[in-house]
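Got the model open in your viewer? Let's walk through it stop by stop, picking one selection at a time.

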Amino acid sequence: MFQRILIANRGEIAVRIIRACREMGIETVAVYSQADKEALHVKMADQAICIGGPLPKDSYLHMENIISAAIGSGAQAIHPGFGFLSENTKFARICESCNIKFIGPDASIIEKMGDKARAREMMIKAGVPVVPGSNGVVESIDMAKDIARDIGYPVMIKASSGGGGRGMRLVWEEAELGKAFSSARAESKGAFGDDSVYIEKYIERPRHIEFQIMADEHGRVVHLGERDCSLQRRHQKMIEESPAPGISNDLRDRMGNHAIKAAKAVNYSNAGTIEFIMDQDDNYYFIEMNTRIQVEHPVTEMVTGIDLIKEQINIAAGKELSFKQDDTEIQGHAIECRINAENPEFNFRPCAGSISGLHIPGGRNIRIETAIYDSYCVPHVYDSMLMKIIAYGDNRQEALNLIRRALAELQIGGIDTNIDFQYKLVHTHEFEKGDFDTGFIEREFDSIMTSMEVIS
Ligand code: ADP
């Protein structure tokens, strides 16, 4: 087992990984930017190394500085968390060549799955259902028109290297296709340095259902059930839950088997997520694989009782998975709300500044993942997520009652947050019934905002 792990991340996920390491008796090395001197992960780790300026490119994305910190501190492995370098093939390769274990899949797998057009092709070959669309990259507007005519409008143009919803365009009719094709390519080129795009049929009112995969380096692949992440705004998830409302055991088995097939097709190892979208008739289609731990992993941990970060570390150390498919069982229900520093009334404008009057909820079956503390100053240069609240109940209604109660208790002063918005969202009739799709928040924004008096 590793004696020392460097965590190439910040915020709540860095804290989460430090905690897992400490419980395993592994020393931790934090890295931080000049904007993060006072950050909690810096205070909690056994040692902390400043790796550069506030901008991500000067620190958390600066590969040479991170590798130097790992070598200098004698870390044998690097946990990349999510975001930043977690899906960066080059970084995983550098780790490999420096004899530092990258806690994640092989660089070659990250590369294959990071190219979404290619991943689609591989899934088609493996017999995993994908959204009807192009076979790989679409080279020209004429080719795009032919495919769109074939599958029928509306269609989505998507960036092969895409992520975070960028380089994606919805097209309702042929007249809009040329412009959307060019702008998706340009946006993708700007964001990812790659202008290749592919086409999918637009699935109307879909749900986003993803499967957690764990795979060891000895060929065993297990799925840990699904998460429903349909409550999104601009393709950014806001609430996630497990199990997904209304998914039967039979459907879970079928989807889970396809998820395992997808992972096996690429010889996957470590933690990964197979994302599907599901239409109103329960048809489901692979959209992408994330080759890292996800923000929403705690809901799966709550319903399976498995610590995914510890498993990741064990897998990277060459151990076999500690469970088989038949040992895993989904018990109870977990709901996670993401609390962000943003103002819903001003188009969810991000906010930075000093936190005051912090009150963190507690009580039975409430789990908090955060790196904020009273008087902590939220920097403006990073992601706006401040906290995840996870509620666990014997069933969905109990988890719902708990998350509502926890959101009512939570107080974060000094900065704008989406707490009230989340409170209203979990009180909507649709959320209560589990009857929502990925467009719900944007479609119903006004009615959600005015649905209740602001809580005090
Ligand atoms: P990204 O990697 O940029 O997040 P994804 O392929 O994961 O892109 O898609 C993000 C979200 O966009 C999905 O959760 C879903 O809400 C929506 N989406 C993606 N593809 C389609 C599609 N073919 N039809 C309808 N919605 C889609």
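**Stop 1: around the ligand**

Select strand E6 (155–159), strand E8 (197–201), strand E12 (270–278) and strand E13 (284–290): each gives at least two residues to the shell around the ligand. Strands here are DSSP runs (E, at least two residues) and helices are DSSP runs too (H or I, at least four), numbered from the N terminus. Before going on, note that this is a predicted model, where local features need pLDDT of at least 70 and side-chain atom pairs count only at pLDDT 80 or more, while totals for chains, interfaces and linings use all residues. Residues are numbered from 1 along each chain as its sequence is written, and side-chain values use heavy atoms, with hydrogens and water left out.

Now show everything around the ligand, meaning residues with a heavy atom within 4 Å of it. You should get 21 residues, of which Lys-158, Gly-165, Lys-201, His-208 and Glu-288 come nearest. Colour that shell by class and you'll find seven nonpolar, eight polar and six charged residues. In this scheme Ala, Val, Leu, Ile, Met, Phe, Trp, Tyr, Cys and Pro are nonpolar, Asp, Glu, Lys and Arg are charged, and the others, Gly among them, are polar.

Next, pick out polar contacts (pairs of N or O atoms within 3.5 Å). Which ligand atom sits 2.9 Å from a backbone N or O atom of Ile-203? A nitrogen. For ligand oxygen, try Gly-165, with a backbone N or O atom 2.6 Å from one, and Gly-164, with a polar backbone atom 3.2 Å from one. The protein covers 95% of the 550 Å² of accessible area that the ligand has on its own (Shrake-Rupley method, 1.4 Å probe).

**Stop 2: the domains**

Colour domain 1 (4–103), domain 2 (132–201) and domain 3 (207–449) separately; the bounds come from an automatic or database domain assignment. Domain 2 and domain 3 each give at least three residues to the ligand shell, and their C-alpha centres lie 28 Å apart. Seven residues of domain 2 are in contact with four of domain 3 (heavy atoms within 4.5 Å).

**Stop 3: backbone oddities**

Most peptide bonds are trans, and most residues other than glycine have a negative phi. Zoom to Tyr-153 and Pro-154, joined by a cis peptide bond with omega about -5 degrees; Pro-154 is in the loop between helix H7 (141–151) and E6. Ser-242 and Pro-243 are also joined by a cis bond. Finish at Arg-205, in the loop between E8 and strand E9 (207–215), where phi is positive, near 45 degrees.

Methods: A polar contact is a pair of N or O atoms within 3.5 Å; within protein, one must be able to donate a hydrogen and the other to accept it, and residues adjacent in sequence count only if both atoms are side-chain atoms.
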